[in-house]
Structures are given as structure tokens and as C-alpha cells.
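Q: Hi! Could you walk me through this one while I have it open?

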Amino acid sequence: MRIHHDLRAGWNHRFQQRQRPSEAEGVLTIHPRSGIQCVQPWLELTRATYQFRSIIERAAVRVFTETADESLLETLTTCHTALIARMEAQGVTPDGLAEVDAVGQLMHASVIGIMHNPLIDIRYRRMMNDLRLLRLDRKFTAPIILRTLREHMEILAACTRRDADAAEAALQVHLHAAIQRNIGFM
């Protein structure tokens, strides 16, 4: 078992309430006064989470590539391009980290949302909460963030070309790199 962080200090009741489904699934245990404890071994939880994410996102990115509005693709590309330029110029800032998270969530949520399936949406949001827990002790540097944003740009470029095979392949590269980053290999 691995305790990721002592979450007593800054986390509130609302955060714990959002983690109740993960507790029900046996992923973690919420201790009212002492914090959150991951029950599943860290590497096993990481593997399972990314396997689930890959299954869902690979199917969704193909549909997204074929059906997403050009304006959405343009917005996502513009957001990523601007963020890359800002990261290259300023490095990592607290506001920049929040924007990276928001832009990443927007892209992945847009891909998943194209399925119009509430069951997938709910489980995907839960899985992303699990990933946030797994990432609590990760350090995010400009090179790591830029690599991630550029992987997103490869996916978006394939989607803009309406090349579902290339979009799925770029997503697979991104998810493989993401799991490597998450376990500290990159």
C-alpha cells in the first residue's frame, strides 16, 4: 500500500465526496481525519487506469476525427499553440499549470464527449480523478509539459486531416508516453 500524500491540510469535504466512487470501487480508502490512502498497489492502479483509458479513448478519437466540428478542432489547436508558446517563453508558472490542466481536460473531454454516452462520461470522469491522485507526487517541468502538449498537437493534426488511423496512432503514442511519465520513466 502506498499513501500518496497527507491530504489533511488543504483538501476539503467536497474533494472527499468526489472520491467516494473510487472508494466504493476499492481504489482508495478515505480516512476522515488522516487523509486518503490508495488501496491498490500504485503500479497496478496506473496500469489498469491507462488500459481503461486507452480502450475508451481509442474508440472515441476515431469518431471525433470523423465528426468533430472544424471550429472545435481550430479552438483546441489554437489553445494548444498559444500554451506551447507561453510555456516556451515563461516556463512553468502556477497559472500555466492550471491552464495546461484545463486545456488537456478540454481536449480529452471533447474527444470522449463526441460519443454522447453518459455511462462513458461518468466512468471517464471517475478515472480522471484517479489519475489526478496518481499524479499528486509528480513534478511537472516545462519539458514534460511541452512534450505532452506536442503529443496533443499530433492528435489534433490527424483529426484536422480527418485521418482516423493517424489520430488513433497518435493517441496511442500519447497514452504510452503518459503512462511512462506517470511512473517516472520520462
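**Walking through the model**

A: Happy to. A89 is exposed because its relative accessibility is 67%, where exposed means over 50% relative accessible area, buried under 20%, and partly exposed in between (1.4 Å probe, protein chains only). A89 sits in helix α4; helices are DSSP runs of H or I with at least four residues, strands are runs of E with at least two, and both are numbered from the N terminus.

Q: Before going on, what should I know about the model and the numbering?
A: This is a predicted model, in which local features need pLDDT of at least 70 and side-chain atom pairs count only at pLDDT 80 or more, while totals for chains, interfaces and linings use all residues. Residues are numbered from 1 along each chain as its sequence is written, and side-chain values use heavy atoms, with hydrogens and water left out.

Q: Okay, back to A89. How far apart are A89 and A142 in space?
A: Their C-alpha atoms are 10.0 Å apart, with the two positions 53 residues apart in sequence.

Q: And T77, what does it touch?
A: Leaving aside residues up to four places away in sequence, T77 touches M153, L156 and T160, with contact meaning heavy atoms within 4.5 Å. T77 is also in helix α4, and its relative accessible area of 23% makes it partly exposed. From the C-alpha of T77 to that of E154 is 9.9 Å, though the two are 77 residues apart along the chain.

Q: Let's switch to charges. How many salt bridges are there?
A: There are 8 salt bridges in the structure, each being a side-chain nitrogen of Lys or Arg within 4 Å of a carboxyl oxygen of Asp or Glu. As background, side chains of opposite charge can pair when their charged atoms come close.

Q: Which residue pairs up with E57?
A: R53 does, with 2.6 Å from N to O. The two are about one helical turn apart because they are 4 residues from each other in helix α3 (residues 42-67).

Q: Are those two buried or exposed?
A: Both E57 and R53 are buried.

Q: What about E99, who is its partner?
A: E99 forms a salt bridge with R86, and their closest N and O atoms are 2.4 Å apart. That pair links distant parts of the chain, 13 residues apart, with E99 in helix α5 and R86 in helix α4 (residues 70-90). E99 is partly exposed, at 26% relative accessible area, and R86 is partly exposed too, at 31%.

Q: And R181, where does its bridge go?
A: To E151, with the closest N and O atoms 2.8 Å apart. R181 is in helix α8 (residues 164-182) and E151 in helix α7 (residues 142-160), so this pair ties together parts that are 30 residues apart in sequence. R181 and E151 are both buried. Elsewhere, R58, R62, D165 and E168 are joined into one network by salt bridges that share partners.

Q: Tell me a bit about E168. Buried or exposed?
A: E168 counts as buried because its relative accessibility is 16%. It is found in helix α8, and E168 touches R58, V61 and R62, not counting residues up to four places away in sequence.

Q: Moving inside, which residues have the most contacts in the largest nonpolar core?
A: V61, F64, L73, I112, Y124, I155 and C159 do, in a core of 29 residues. A nonpolar core here is a set of buried Ala, Val, Leu, Ile, Met, Phe, Trp, Tyr and Cys residues joined through side-chain atoms within 4.5 Å. Helices α3, α4, α5, α6 (118-134), α7 and α8 each supply at least two residues of this core.

Q: What does F64 touch?
A: Its contacts include L72, L73, L76, V111, I114 and C159, setting aside residues up to four places away in sequence. There is also a second, separate core of 8 residues, with L83, M87, I145 and L149 among them.

Q: You mentioned C159. How many disulfides are there?
A: The structure has 0 disulfides, a disulfide being a pair of cysteine sulfur atoms within 2.5 Å. C159 counts as buried because its relative accessibility is 0%, whereas C79 is partly exposed at 26%.
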